[in-house]
Amino acid sequence: MISEKFGTTRAGETVTRHTLTLGDLWVQVIDYGAVVTAIEVPDREGHRANVVLALDTVEGYETVSPHFGAIAGRYANRIAKGRFTLDGQTYALPINEPPNTMHGGREGFAKRLWQTAEADATRLVLRRRSPDGEEGFPGNLDVAVTYSLPEPGTLRIDYRAVTDRPTVLNLTNHSYFNLAGEGAGDVMDHIVQVFSDAYAPTDATQIPTGALAPVAGTPFDFREPTPLGARIREGDAQIVLAGGYDHTFAVRGPVGSLRPAASCLCPASGRRLDVATTQPALQLYSGNNLDGSLVGPSGRTYRSGDGVCFETQGFPDAPNQPGFPSTVLRPGEVFTSSSTYRFSVV
């Protein structure tokens with residue numbers, strides 16, 4: 001394990017970067033936001049590249065990062081109108097994506113310093129306590145995120161949390177992947193497969209309607225490997241609303257079992273990513289809001305479509321959607337989930 005200073009927050013806190021290595025896989029994580037800042041893997045010719053979008057400075061992650069590589073929480077994705085009711089009590093959250101709450105509020109887990117609990121060459125455990133009332137959420141929440149390299153080519157993320165009051169919880173890693181290499185341009189040629197037969201349509205504010213719609217016959221049909229950009233400019237109302245893909249898919253198979261969620265292949269480099277999860281859902285996001293204002297470590301700007309996210313998670317707005325799997329966590333219960341990201345070449 002290599003641990004080194006990455007920078008200093010505006011509050012004067014030292015941010016440390018940890019490097020995990022196993023075989024050809026090289027992963028860097030900072031303790032600010034539990035952010036994955038780099039995943040370096042070889043292409044079919046053996047040339048190595050970082051395959052996640054990133055920023056060079058702590059200041060960037062504090063001020064302008066669109067959750068690059070971060071842990072989103074306490075509630076990843078959207079909560080309608082920043083309100084939910086639990087056990088008869090209504091809780092109000094910050095409205096940071098009007099009219100909704102997005103990724104846990106104005107700061108959330110992505111803009112907090114985590115504590116390093118364990119660190120070695122292939123395993124890193126980061127912890128934090130989210131205090132009762134943080135961003136409006138009830139209960140003291142103790143959460144741990146473990147990044148590990150269990151075998152060559154595989155990054156595994158394990159989540160664990162407990163609370164002392166009933167609360168709601170949805171955690172995900174928000175890495176933006178470009179398997180041609182960070183800064184290499186758009187990913188519209190990446191061949192994507194999503195192991196799902198249904199997705200969650202949204203209203204005009206991108207809150208799920210509560211229905212699950214069949215993907216068959218729509219631009220959301222990734223049951224067979226399909227270029228990400230093949231249908232992204234179709235006039236489908238949902239595509240127009242989001243400016244691309246920013247939608248939740250119900251992952252096939254029993255929730256709680258580690259099962260395939262998505263795959264992605266870059267034809268030019270031969271790099272392939274296979275994502276598996278125990279979670280019920282996957283958010284497919286095509287980097288629609290990247291506008292060219294951010295510059296990555298490559299020195300190149302990030303524009304719309306320059307990265308794709310496979311966010312394994314619970315359903316957005318589940319606290320207000322009784323038809324979705326519950327995201328409530330109660331005292332005495334232990335929340336756990338796991339996701340794996342397996343890299344290979346073809």
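# Strands, contacts and cysteines in a predicted model

Q: What is the order of strands in the open sheet of six strands?
A: In this predicted model, one sheet is open and is built from six strands with antiparallel pairing. Strand S17 (176-177) and strand S20 (213-214) stand at its edges with a single partner strand each, so one side of each lacks a neighbour in the sheet. Read from one edge to the other, the order is S17-S28-S25-S22-S19-S20.

Q: How many bridges join strand S25 to strand S28?
A: Strand S25 covers residues 281-285 and strand S28 covers residues 308-313, and the two run antiparallel. Within this pairing, Ala281 has Gln313 as its bridge partner, while Leu284 stands opposite Phe310. The number of bridges between S25 and S28 is five.

Q: Which residue of S25 is the bridge partner of Ala250?
A: Strand S22 (residues 246-251) pairs with S25 in the antiparallel sense, over five bridges. Ala250 has its bridge partner in S25, and that partner is also bridged to Gln313 in S28. The residue is Ala281.

Q: Which residues of S25 point the opposite way from Ala281, Gln283 and Tyr285?
A: In a regular strand the side chains alternate between the two faces of the sheet. Five of the five residues of S25 are buried, so the strand is largely enclosed by the rest of the structure. Ala281, Gln283 and Tyr285 point one way, and the residues that point the other way are Leu282 and Leu284.

Q: Which residue in the hairpin of S1 and S2 takes a positive phi?
A: Strand S1 (residues 2-8) and strand S2 (residues 14-22) pair in the antiparallel sense over six bridges, and one of these strand-to-strand partnerships links Thr8 with Thr14 in S2. Five residues lie between the strands of this hairpin, and the one with a positive phi, near 90°, is Gly12.

Q: Is Thr19 buried or exposed?
A: Thr19 belongs to strand S2, and, leaving out residues up to four places away in sequence, Thr19 touches Met1, Ile2, Trp26, Val27, Gln28 and Ala121. With Gln28 there is also a polar contact between side chains, at 3.1 Å. Because the relative accessible area of Thr19 is 4%, this residue counts as buried.

Q: Which residue joins its side chain to that of Arg48 in a polar contact of 2.7 Å?
A: Arg48 is found in strand S5 (residues 48-50), and beyond its neighbours within four places in sequence it is in contact with Asp24, Trp26, Glu40, Val41, Pro42 and Arg271. The side chain of Arg48 reaches the backbone oxygen of Asp24 at 2.8 Å. The side-chain partner at 2.7 Å, by contrast, is Glu40.

Q: What is the relative accessible area of Arg48?
A: Despite the contacts listed for Arg48, this residue is not classed as buried, because buried means under 20% relative accessible area and exposed means over 50%. Arg48 is partly exposed, and its relative accessible area is 37%.

Q: How many disulfides are found in the whole structure?
A: A disulfide is a covalent bond between the sulfur atoms of two cysteines. Cys264 and Cys266 each have the other as closest cysteine by sulfur position, but the separation of 7.8 Å is too far for a bond. Both residues are buried, Cys264 at 1% relative accessibility and Cys266 with a relative accessible area of 1%. The search of the whole structure finds a number of disulfides equal to zero.

Q: What is the radius of gyration of the chain?
A: The C-alpha trace spans about 60 × 50 × 40 Å along its principal axes. For 346 residues, a compact globule would have a radius of gyration near 20 Å, and the chain agrees with that expectation, its value being 19 Å.

Q: What percentage of the residues of the chain count as buried?
A: The secondary structure comes to two helices and 30 strands, and, among contacts between residues at least 6 apart in sequence, 65% join residues at least 24 apart. The chain exposes about 13,000 Å², with carbon and sulfur atoms supplying 49% of that area. Of the 346 residues, the share that counts as buried is 59%.

Conventions. Residues numbered from 1 in each chain as written. Predicted model: local features only at pLDDT ≥ 70, side-chain atom pairs only at ≥ 80, totals over all residues. Heavy atoms only, no water. Helix = DSSP H or I, 4+ residues; strand = E, 2+ residues; numbered from the N terminus. Buried < 20%, exposed > 50% of the residue type's maximum accessible area, 1.4 Å probe, protein only. Contact = heavy atoms within 4.5 Å. Polar contact = N/O pair within 3.5 Å; in protein donor to acceptor, adjacent residues only side chain to side chain. Pairing = 2+ DSSP bridges. Rg over C-alpha atoms; globule rule 2.2 N^0.38 Å. Areas by Shrake-Rupley, 256 points an atom, 1.4 Å probe, with all protein chains shown as cover. Disulfide = S-S within 2.5 Å.
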